[in-house]
Structure formats: C-alpha cells, structure tokens
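Subject: Structure for you to look through

Dear colleague,

I am passing on the structure we talked about, together with some notes on what turned up in it. Please open it first and keep it beside you as you read.

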Amino acid sequence: MNLSPKAQATRQHILDTGYRLVLQKGFAALGLQEILKACAVPKGSFYHYFSSKEAFGCELLQQYVDDYGRKLELLLDDGGNGQQRLMRYWDAWARDPADPAQGWAEECLVVKLAAEVADLSEDMRHVLNSGVQRLLQRIASLVEEGRADGSLPAGKPALDVARVLYQMWLGAALLSKLSQDRLPLQQAREATEHLLTCGHTVARLSPSND
C-alpha cells in the first residue's frame with residue numbers, strides 16, 4: 001500500500017493505539033467503535049487502511065513480532081558470552097533495561113493473546129506462531145553460542161532447550177500477571193540457570209522429536 005507520509009502516520013497511530021487497547025482488553029472484547037474513538041478517526045478511515053478488524057489484528061501482530069525481534073537484537077548487541085546474552089534476555093522479561101519499572105512480559109502479546117487468537121482467527125494465529133518460531137530459533141542460537149564459547153555445557157539439542165525455557169517463561173508470565181507479583185518470574189530465572197547448567201535435566205524434560 002503506497003501511502004503519503006500523513007496517511008502512513010495515521011495508519012501507524014491506529015496500530016499503536018490498538019496495541020495499547022489490546023493489551024488492556026484482549027482482541028475479541030475490543031470493539032471497533034472503541035478503537036475508532038481512541039484513535040479519533042472515522043470508520044471510513046479505518047477501512048481505508050484495514051479491510052477488516054481481523055486484517056487490523058494481523059497487521060498489529062506482525063508489527064509486534066517484527067518490533068520484538070529488533071528490540072531483542074538491540075538487547076543482545078550489548079556484548080557478553082552466550083550465557084550472559086541469553087540470561088540478559090530472560091532478565092528483560094521481569095525488568096526492561098530501558099524501563100526497570102516494568103518488564104517485557106507485561107507487554108507481551110503472546111502472553112495476552114495466544115489462547116484467544118488460536119480459536120479466533122487462523123490468520124492471526126499464523127502470524128503469532130510464526131513470530132514465536134523465529135524467537136525459538138534465536139533462543140536456540142544463543143544456547144549454541146554459549147556451548148561454543150564454553151559458557152554453557154553440552155546437552156540436549158538447542159531448539160529443545162529453547163522450547164522448554166520459553167514454555168516455562170510463558171507460564172511464569174501468566175502467573176505473574178494473575179498474582180500481580182514478580183515472584184514467578186524470579187523463580188523462572190532460577191530454574192533457567194539450573195536447566196542451562198544441567199543438560200541431563202533438560203533432556204528428561206524435553207524429549208527430542210527425532
């Protein structure tokens with residue numbers, strides 16, 4: 001879609017505002033009129049940029065996973081060995097280095113929407129799942145990096161380890177949101193350090209698909 005700078009700014013404003021609303025209310029419960037009111041745009045303008053609410057949801061999720069990937073790479077660019085870089089990522093779930101008052105888990109659309117969009121929209125599910133799969137590959141590459149530089153021991157295939165860790169952190173993020181307490185994230189960090197240094201434990205928890 002070829003848009004003027006002004007039109008592009010309006011479209012981005014709708015996406016940014018929608019993201020905040022979705023974090024608060026979820027996607028299904030968020031009505032189109034609420035989006036329009038918050039953005040101060042007429043319905044016709046919304047449909048100029050998005051063919052439907054579902055199309056808007058797909059664009060919102062695609063932007064989220066793309067932005068998340070860029071944010072992750074900036075975080076990892078700060079140096080350190082593989083283990084340090086990997087733990088820096090998990091630490092950001094509880095405390096964002098750019099804003100320690102909150103963590104990435106609090107603004108995670110996977111935490112907020114995974115179960116909802118899996119039943120609601122196949123297109124939205126595909127966008128979110130594709131983003132998660134790319135993230136798992138990136139986590140696995142950090143595990144491999146740590147093993148190569150000696151900061152992590154050898155163990156189960158790195159992608160299996162990445163899946164176990166990500167699943168654990170998603171559960172911790174949900175419990176943290178439910179309890180309004182960061183303790184589940186703190187416990188996930190302790191468990192992560194243990195799993196990363198005990199390859200046989202990871203192997204029992206995550207059988208290979210081979």
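What share of the 210 residues of the protein chain counts as buried? The share is 44%, and please keep in mind as you read that this is a predicted model.

To begin with the overall picture, the protein chain holds 10 helices and zero strands, and its C-alpha trace spans about 60 × 40 × 35 Å along the principal axes. If you look at the contacts in the chain with a separation of 6 or more, 64% of them are between residues 24 or more positions apart.

A good helix to start with is α7, which covers residues 122-149. Its 28 residues should span 40 Å at 1.5 Å a residue, and because its end C-alpha atoms are 41 Å apart, the expected span and the model agree. The buried residues of α7 include Val127, Leu128, Gly131, Val132, Leu135, Leu136 and Ile139, and you may like to trace their spacing along the helix with one general point in mind. An α-helix has 3.6 residues a turn, so residues three or four places apart point the same way. The buried residues of α7 pack against α4 (53-76), α5, α6 (109-120), α8 (158-179) and α9.

Just after α7 comes Gly150, which takes a positive phi of about 85°. Further on, in the loop between α7 and α8, you will find Ala154. Is Ala154 buried or exposed? Ala154 is exposed, because its relative accessible area is 67% and exposed means over 50%. Ala154 is also 152 residues apart from Asn2 in sequence, and the two are 50 Å apart in space, C-alpha to C-alpha.

Two of the helices that α7 packs against, α5 and α9, also meet each other. The axes of α5 (residues 82-94) and α9 (residues 183-197) come within 9 Å and cross at roughly 165°, which means that α5 is roughly antiparallel to α9. The crossing of these two helices is right-handed. On the α5 side the contact is made by Leu86, Met87, Trp90, Asp91, Trp93 and Ala94, and on the α9 side by Leu185, Arg189, Thr192, Glu193 and Leu196. Sorted by type, the residues of this contact comprise seven that are nonpolar, one that is polar and three that are charged.

With best wishes

Notes
Residues are numbered from 1 along each chain as its sequence is written. This is a predicted model: local features need pLDDT of at least 70, side-chain atom pairs count only at pLDDT 80 or more; totals for chains, interfaces and linings use all residues. Side-chain values use heavy atoms; hydrogens and water are left out. Axes are lines fitted to C-alpha atoms, for helices over the stretch in contact, and angles run from 0 to 180 degrees between N-to-C directions. Helices (H or I, at least four residues) and strands (E, at least two) are DSSP runs, numbered from the N terminus. Angles under 35 degrees count as roughly parallel, over 145 as roughly antiparallel, 65 to 115 as roughly perpendicular and the rest as oblique. A crossing is left-handed if the near helix is turned anticlockwise from the far one by less than a right angle, and right-handed if clockwise. Contact means heavy atoms within 4.5 Å. Ala, Val, Leu, Ile, Met, Phe, Trp, Tyr, Cys and Pro count as nonpolar, Asp, Glu, Lys and Arg as charged, and the others, Gly among them, as polar. The expected span of a helix is 1.5 Å times one less than its number of residues. Buried means under 20% relative accessible area, exposed over 50%, partly exposed in between (1.4 Å probe, protein chains only).
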